[in-house]
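Visitor: Can you walk me through this one?
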Amino acid sequence: MSPGRGKQMAGPRGLAAEDEQGAGDHRPTELTVAVTGPTGTFGSGLVPLLQADDRVTRVVGIARRPFDPAERGWTKMDYRRGDVRDPDSLREAFDGVDVVVHLAFLITGTAGREATRAINVEGTLNVFRAAAAAGASRFVHASSVAAYGFHRDNPVGMTEDWPVRPAARLFYAQEKAELEQRLAEEASAHPDLALFLLRPSLVVGPHSLGGKDLLPGRLAPLGRLLADAANRRLPVPLPVVVADLPLQAVHEDDVGQALMRCVLGSGPPGAYNIAGDGVLSTADVAREYGAIPLPVPGGPARLTARAVSRLPFLPAAAEWVEAASHPAIMDTTKAKEQLGWRPRYSGREALRSMLDRTG
Ligand SMILES: NC(=O)c1ccc[n+]([C@@H]2O[C@H](COP(=O)([O-])OP(=O)(O)OC[C@H]3O[C@@H](n4cnc5c(N)ncnc54)[C@H](OP(=O)(O)O)[C@@H]3O)[C@@H](O)[C@H]2O)c1
């Protein structure tokens with residue numbers, strides 16, 4: 001299962017593209033960019049870059065919950081209230097767009113399996129098809145490191161050549177892997193629409209919570225309050241037992257930069273691993289939160305995570321435990337060499353920026 005590949009980009013609507021440093025073709029581009037899910041973590045990294053870049057003249061933002069883009073300084077954005085499950089609203093919103101960046105997704109699993117799958121899988125295919133019908137030139141999809149699955153034979157430092165394989169249980173990872181395959185099939189039927197797939201690690205920064213609901217239905221606002229309170233440094237250092245597991249993280253602004261490079265066609269279409277430099281341990285993370293880590297070997301924790309993830313009747317949100325059964329660590333050389341992406345923050349600095357709420 002590898003993503004759409006091979007095709008060198010034509011620029012939007014026939015124009016060759018420039019990269020961010022202005023290399024390549026110097027004809028001006030006037031891009032209209034549609035972003036689904038602009039109010040989440042990734043949107044916080046990307047939209048200010050779209051706003052600041054003269055090559056982007058108009059941005060169309062699609063989400064379910066109303067918001068005023070101008071209040072955020074996003075004056076180029078025309079907000080369309082919409083749902084990715086509704087192909088008609090997508091077709092209308094995408095009229096005249098050059099690039100579609102698809103960020104709308106449900107990550108936590110609290111919305112229920114049916115709604116989650118309808119938004120994540122059918123919604124993504126609706127967005128791709130609407131982008132193709134609108135004559136867009138680039139489709140930028142936020143995949144995930146989770147698409148690789150949490151398999152024991154996954155090497156440390158996976159490159160994009162390593163196969164994407166569905167996880168055993170975690171709905172999110174299964175859907176990401178399935179989508180990479182289905183988007184590649186769709187892309188081969190639409191050769192004029194270049195497919196870019198980013199596979200980011202855990203994304204952190206001042207807007208880590210983004211549009212995520214950690215509790216279902218009416219409890220969602222309470223879940224957001226609790227998550228915000230919990231996601232801060234401890235007032236006093238407390239000892240915590242942590243399993244010794246590796247972890248990559250990337251800052252939301254650096255993800256925004258990677259998305260922007262795909263929007264501008266700074267490299268060839270295809271899949272790109274995205275993570276901040278350095279591999280953290282769970283003990284490092286505990287220390288950053290102000291705790292005193294008491295590390296225990298990761299082996300038993302991985303086995304436990306694997307066993308728990310196989311239990312029957314596990315709620316979807318609890319399936320995330322599988323991610324600890326074999327944490328996936330990626331190599332990001334390709335994004336640096338082919339997209340020209342340079343992360344400003346290491347994984348550790350990104351984590352600190354989340355805890356400090358600075359960007
Ligand atoms: N955050 C991470 O650590 C991470 C890591 C790797 C990959 N990713 C991927 O990156 C993408 C963006 O993640 P994120 O962290 O920015 O997500 P997020 O913070 O949860 O934001 C999701 C966005 O999607 C919108 N949305 C949700 N359902 C929608 C629907 N049915 N129709 C239209 N819009 C909808 C939300 O607004 P409304 O709720 O108002 O509609 C919000 O704007 C996702 O595909 C995610 O899987 C995230």
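Guide: Sure, one term up front: a crossing is right-handed if the near helix is turned clockwise from the far one by less than a right angle, and left-handed if anticlockwise. This is a predicted model, where local features need pLDDT of at least 70, side-chain atom pairs count only at pLDDT 80 or more, and totals for chains, interfaces and linings use all residues. Residues are numbered from 1 along each chain as its sequence is written.

Visitor: So which hand is the crossing of α1 and α6?
Guide: The α1 and α6 crossing is right-handed. Helix α1 spans residues 41-52 and helix α6 residues 252-263 (helices are DSSP runs of H or I, at least four residues, and strands are E runs of at least two, numbered from the N terminus).

Visitor: At what angle do the axes of α1 and α6 cross?
Guide: Roughly 60°, and the axes come within 7 Å (lines fitted to C-alpha atoms over the stretch in contact, with angles from 0 to 180 degrees between N-to-C directions). α1 and α6 are therefore oblique (not under 35, over 145, or 65 to 115 degrees).

Visitor: Which residues of α1 make the contact?
Guide: Thr41, Phe42, Ser44, Gly45, Leu46 and Leu49. From α6, Glu252, Asp253, Val255, Gly256, Gln257, Leu259 and Met260 join in (contact is C-beta atoms, placed from the backbone, within 7 Å).

Visitor: New topic. How many residues surround the ligand?
Guide: The ligand has 30 residues around it (C-beta atom, placed from the backbone, within 6 Å). Gly37, Gly40, Arg65, Gly210 and Gly211 are the closest. Two or more residues each come from α1, β2 (56-63), α3 (113-133) and β7 (202-204).

Visitor: Which element gives the most to that shell?
Guide: That's α1, with three residues.

Technical notes. Two residues are in contact if their C-beta atoms, placed from the backbone, lie within 7 Å.
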